[in-house]
Amino acid sequence: MITPPTIDLELEKKEILKRYRALLRSLKRGIDKKDKLNIRKAFELSVEAHKEMRRKSGEPYIYHPIAVAQIAVSEVGLGATSVVCALLHDVVEDTDITLEEIRGMFGDKVASIIDGLTKISGVFDQTSSLQAENFRKMLLTLSDDVRVILLKLADRLHNMRTLDSMARDKQLKIASETLYLYAPLAHRLGLNAIKSELEDLSLKYTEPEIYDSINQKLKETQRERTRYINKFTVPIIHDLKENGFDFEIKGRSKSIFSIRTKMKKQGIPFEEIYDIFAIRIIVRTPLEKEKSDCWRVYSIVTDFYHPNPDRLRDWVSTPKANGYESLHTTVMGPEGKWVEVQIRTERMDEIAEKGYAAHWKYKESSSQENALDEWIKKIRELLENPESNALDFLDDFKLNLFAEEIFVFTPKGELITLPSGATALDFSYEIHTKIGDHCIGAKVNNKLVPLSYALKSGDQVEILTSNKQMPKEDWLGYVVTAKAKAKIKNALKDEKKKIAEEGKEVLERKLDHLKIQLNNNNLNELLAYYKVPSSLELYYRVGKGIINLKDLKDFVKEKGKIKPKTATQPDKNSLEQMVSNIRGNTNMLVIGEDMQKIDYKLSPCCNPIPGDDVFGFITINEGIKIHRTNCPNAIQLMSNYAYRIVKAKWTSQHLISFLAGISIKGIDDVGIVNNITRIISSELNVNMRSISFDSDNGVFEGTIMVFVHDTHHLTELMKKLKKVKGVLTVTRIDGNTGSAAS
């Protein structure tokens, strides 16, 4: 038996005090006596409340609230009230101390923020949309005090930094949830540094091998990058000094997550990413000279290096909706390398790193504060609809989080901000719901365009309406904003209810005629017979004439109850089609905590094969489905349905072959296809199911479907193919990227 290490309580007490003092030193902005007393009181209460508790790592629990408070101060830029709340954020949830006691000791403001934080944590019950519902609660509190969200992000960041001590399945769940909810939220609030770290830490646990590989390559190329940055900046530094600028220049590497995203999106290796780093020039200048000084610096940079005209981004004149201000240009540097240069002032840089919290230090620039208020207003509009499904809401919300903005104008010249990809129909709903509902088309820059026309920055848009127009189902495919989607869904629901009411009357008349009562039992029989999920859907289909009521004569009546004359048989063809592309063998995977052999199906969205890191997902109708942990749908499944995730592990099995896809790109050459097929068939004895090659202007692209035993077998094959003369890239195809079944 292993004896636990003895704990030196005196040493721990000293460490707790050391961390607390470091926290106080971080609160540079003069805090008054009252604030100091409150922080001390909160610290002592938290130490006492958590004294018997330890984290999974074995450390005293109090380390966590102190660390969250430290992040709130140093990395988000919050003040004394937030420190009190951070120190107490788990007290109400984890101990016997009540919210009312907190209110009595620290006042209404602190109690309100703690209440918001406790609501967010919520009691996670076993429902399908538990994560989404809690996220929704979290956003509802946002309108009361944005500090609730900022503290929740600080809490999540510390949890991610200390995720090593958690079990693998917990790590996957927390990391996926972070990528799905918290990183985009940090992005939206302009917390760039926190967003990047959350993404990197999530990747570290969801795809550890890829994370380690990129991290290692960044370390190996660090010296080379530093040398290049120095060479690039020497002439710029000289001229900036000559022109009397007070400035600082930083060379910043892209985050590991954004490098991974770029590699995946463009199908290129690490070595081929040209913008692994960016040069940031930060000037110290008064508020009224910010814009002109940024452009003066731009002029100096482009005196030495040619800019790429397609890569100029001016967020100084028109800041992003999350408050981000900067001037970005990509220039041709020494040795023929493209280099991204970001030009901003000290104020802009602090806001880019710390987001809206930093605005509180620069009260003059209140227009950006209004942008946050606008965003909160949009969220409230989304939350006002009590009928909307929390998961739908989450997906709509995410659409808006990840979108870049475009700027368009009304006929009167008013500026409207929309996400990139927004259409004329989105614009109409942004103006007013009624205008959206009755929209028949639009004029963009005086030219007539359809509802689905994608707008571009600078467009001037006039909406055309008709009272006879009503929202249609296919409109959902024309819009990208959450607001438009929600309004169209509402209008369609109202219309559906109207038709359903008419359908119910028709059905009741028909049943009366057959002397059948429309009670619960008979209604359930009708739902089963017509294969519809709900009474609303049944009435709607009757109202639309989709369901033929002549079939009612096929029912027999016994003791006032009805049943079909012949029991409905499941449609064999459709069942066969459902399982035709799913392969499973109970000897190949062990599933669950006790690693039993249970029937499963392999999910077609990511085509897992033995050797892949996988997990099981309990579906509603199709048993357990196996997904790769880096499946396109994994993050959403783990984040929203964590309680339906089960562990899964491959057992050794070489008798069965699995279908895998390989994509090959390269320079077209005589006999190259022959060389590729020879390696596959002759050298490695791999069977091919299909092969297709396209050639265009000397470049070829090919897709090969092969049968392999496991990932090792596939990796060996891909290594051999990479060595063929003329082949540039060999990548695995993930399968279709459709939605995962739930």
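This passage describes a three-stranded sheet with a helix packed on it, and a helix pair, in a predicted model.

The sheet is open and contains three strands. Their order is β10-β9-β11, and the pairing is antiparallel. Strands of a sheet pair through backbone hydrogen bonds, in either a parallel or an antiparallel manner. Strands β10 (447-449) and β11 (461-465) each have a single partner strand and stand at the edges, so one side of each lacks a neighbour in the sheet. On average, neighbouring strands are turned by 30 degrees against each other, direction ignored.

Strand β9 spans residues 439-444. Five bridges join β9 to β11, and the two run antiparallel. Within this pairing, Ala 442 has Ile 463 of β11 as its bridge partner. Helix α20 (residues 424-431) packs on the sheet. Helix α20 touches both β9 and β11. The direction of α20 makes about 85 degrees with that of β11.

A helix pair is considered next. Helix α9 covers residues 147-161, and helix α10 covers residues 168-188. Their axes come within 11 Å and cross at roughly 145 degrees. The crossing is left-handed. On the α9 side, the contact involves Ile 149, Lys 152, Leu 153, Arg 156 and Met 160. These meet Ile 174, Ala 175, Glu 177, Thr 178, Tyr 182, Leu 185 and Ala 186 in α10. By class, the contact of α9 with α10 has eight nonpolar residues, one polar residue and three charged residues.

Definitions and conventions: Residues numbered from 1 in each chain as written. Predicted model: local features only at pLDDT ≥ 70, side-chain atom pairs only at ≥ 80, totals over all residues. Heavy atoms only, no water. Pairing = 2+ DSSP bridges. Helix = DSSP H or I, 4+ residues; strand = E, 2+ residues; numbered from the N terminus. Axes fitted to C-alpha atoms, helices over the stretch in contact; angles between N-to-C directions. Contact = heavy atoms within 4.5 Å. Left-handed = near helix turned anticlockwise from the far one by under 90°. Nonpolar A, V, L, I, M, F, W, Y, C, P; charged D, E, K, R; others polar.
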